[in-house]
Amino acid sequence: MALLKIARMGHPVLLAKARAVEDPTAPGIRTLVADMIETMHDAAGAGLAAPQVHVPLRLFVYSVPAQRSAGADDPPRTVAALINPVITPIGEEIAIQTEGCLSIPGLRGAVPRAARVRYEGVDEHGQAVSGEASGFLAVVLQHENDHLDGILYPMRMTDLGQMGFETEYLRFGPGGQAGGQAGGQAGGQAGGQDSPRESGQAEEHA
Ligand code: NI
């Protein structure tokens, strides 16, 4: 087990498209997954994608911290790996939620995402993984999957006024008084209203 160095925004590895994992059960992949989990926990993150640790492969680890669980449809989950994932939106509904990223330390932003997704892939034991996700799980899956395509969450934002430093975000909410507007503009759920409650928690960055 080893802690890995996390790439920060501006490093080209974060803008590259990652390639498929040829053998998900290879010992090197299992070691990588274990190291990524250790690195994610050390950095108090909720998810981590391989390109964030300078490995341009299509895999990530993800979790649903108890404080981010959105209820029965989005139960807390311990960390797991998803290799060669395929994430597909279900329906048209958009939800706006606060996101952070271990590659963009200190900042948060309100990001519109598909409210529900289907996910498929395999784990590091070669077992098929699939399901439907909403709430935080849907967010973290989309956020991590984007890393595999060289996309960082600010590139998904439609209003950069909804981005800020953690301290200010916690104090004033997403975009200050504009938090509710963000949900309205995208016709989504009231992600902005959830954010002040959530943004005080440590394990949010992915
Ligand atoms: Ni991230």
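Visitor: In the hairpin formed by β6 and β7, which residue in the turn has a positive phi?
Guide: In this predicted model, six bridges join β6 to β7 (residues 128-133), and the two strands run antiparallel. One of the pairs sets G121 against V129 in β7. Five residues lie between the strands of the hairpin, and the one in the turn with a positive phi, about 85 degrees, is G126.

Visitor: Which strands of the open sheet β4-β5-β8 stand at the edges, and why does each have a side without a neighbour?
Guide: The open sheet has three strands in the order β4-β5-β8, with antiparallel pairing. The twist from one strand to the next averages 25 degrees. Each edge strand has a single partner, so one of its sides is left without a neighbour in the sheet; these strands are β4 (94-99) and β8 (163-165).

Visitor: Which residue in β5 stands opposite A95?
Guide: Strands of a sheet pair through backbone hydrogen bonds, either parallel or antiparallel. Here β4 and β5 (residues 107-114) pair in the antiparallel sense over six bridges. Opposite A95 stands R113.

Visitor: Is G106 buried or exposed?
Guide: G106 is placed in the loop between β4 and β5. A residue counts as exposed with 12 or fewer C-beta neighbours within 10 Å. G106 has 11 such neighbours inside 10 Å, and therefore counts as exposed.

Visitor: What distance separates the C-alpha atoms of G106 and F165?
Guide: Leaving out residues up to four places away in sequence, G106 touches F165 and E166. G106 and F165 are 59 residues apart along the chain, and their C-alpha atoms are separated by 5.6 Å.

Visitor: At what angle does α2 run to β5?
Guide: Helix α2 covers residues 135-148 and lies across β4 and β5. This helix is mostly covered, with 14 of its 14 residues buried. Its direction relative to β5 is about 100 degrees.

Visitor: How far apart are the end C-alpha atoms of α2?
Guide: α2 is followed by G150, which has a positive phi near 75 degrees. At 1.5 Å a residue, the 14 residues of the helix should span 20 Å. The distance in the model agrees with this, the end C-alpha atoms being 21 Å apart.

Visitor: Which element supplies the largest share of the largest nonpolar core?
Guide: The largest nonpolar core has 42 residues, and those with the most contacts inside it are L48 and A50. Elements that each supply at least two residues of this core include α1 (27-42), β1 (47-49), β2 (59-64) and β3 (77-89). The largest share, seven residues, comes from α2.

Visitor: Which residues does A50 touch, not counting those up to four places away in sequence?
Guide: In soluble globular proteins, nonpolar side chains tend to be buried together. A50 is one of the residues with the most contacts inside the largest nonpolar core. Its contacts outside that sequence window are A18, L32, M36, V55, L57, L59 and F60.

Visitor: What share of the contacts with a separation of 6 or more comes from residues 24 or more positions apart?
Guide: The chain has five helices and eight strands. Of its 206 residues, 43% count as buried. Residues 24 or more positions apart account for a share of 68%.

Visitor: Over which residues is the pLDDT below 50?
Guide: The chain averages a pLDDT of 88, and 85% of the residues score at least 70. Where pLDDT is low, the predicted coordinates should not be read in detail. The stretch below 50 has 61 contacts in the model beyond near neighbours in sequence, and it covers residues 177-202.

Notes
Residues numbered from 1 in each chain as written. Predicted model: local features only at pLDDT ≥ 70, side-chain atom pairs only at ≥ 80, totals over all residues. Pairing = 2+ DSSP bridges. Helix = DSSP H or I, 4+ residues; strand = E, 2+ residues; numbered from the N terminus. Axes fitted to C-alpha atoms, helices over the stretch in contact; angles between N-to-C directions. Contact = placed C-beta atoms within 7 Å. Core = buried A, V, L, I, M, F, W, Y, C linked by C-beta atoms within 7 Å. Buried ≥ 20, exposed ≤ 12 C-beta atoms within 10 Å, placed from the backbone. pLDDT = per-residue confidence, 0-100. Expected span 1.5 Å × (residues − 1).
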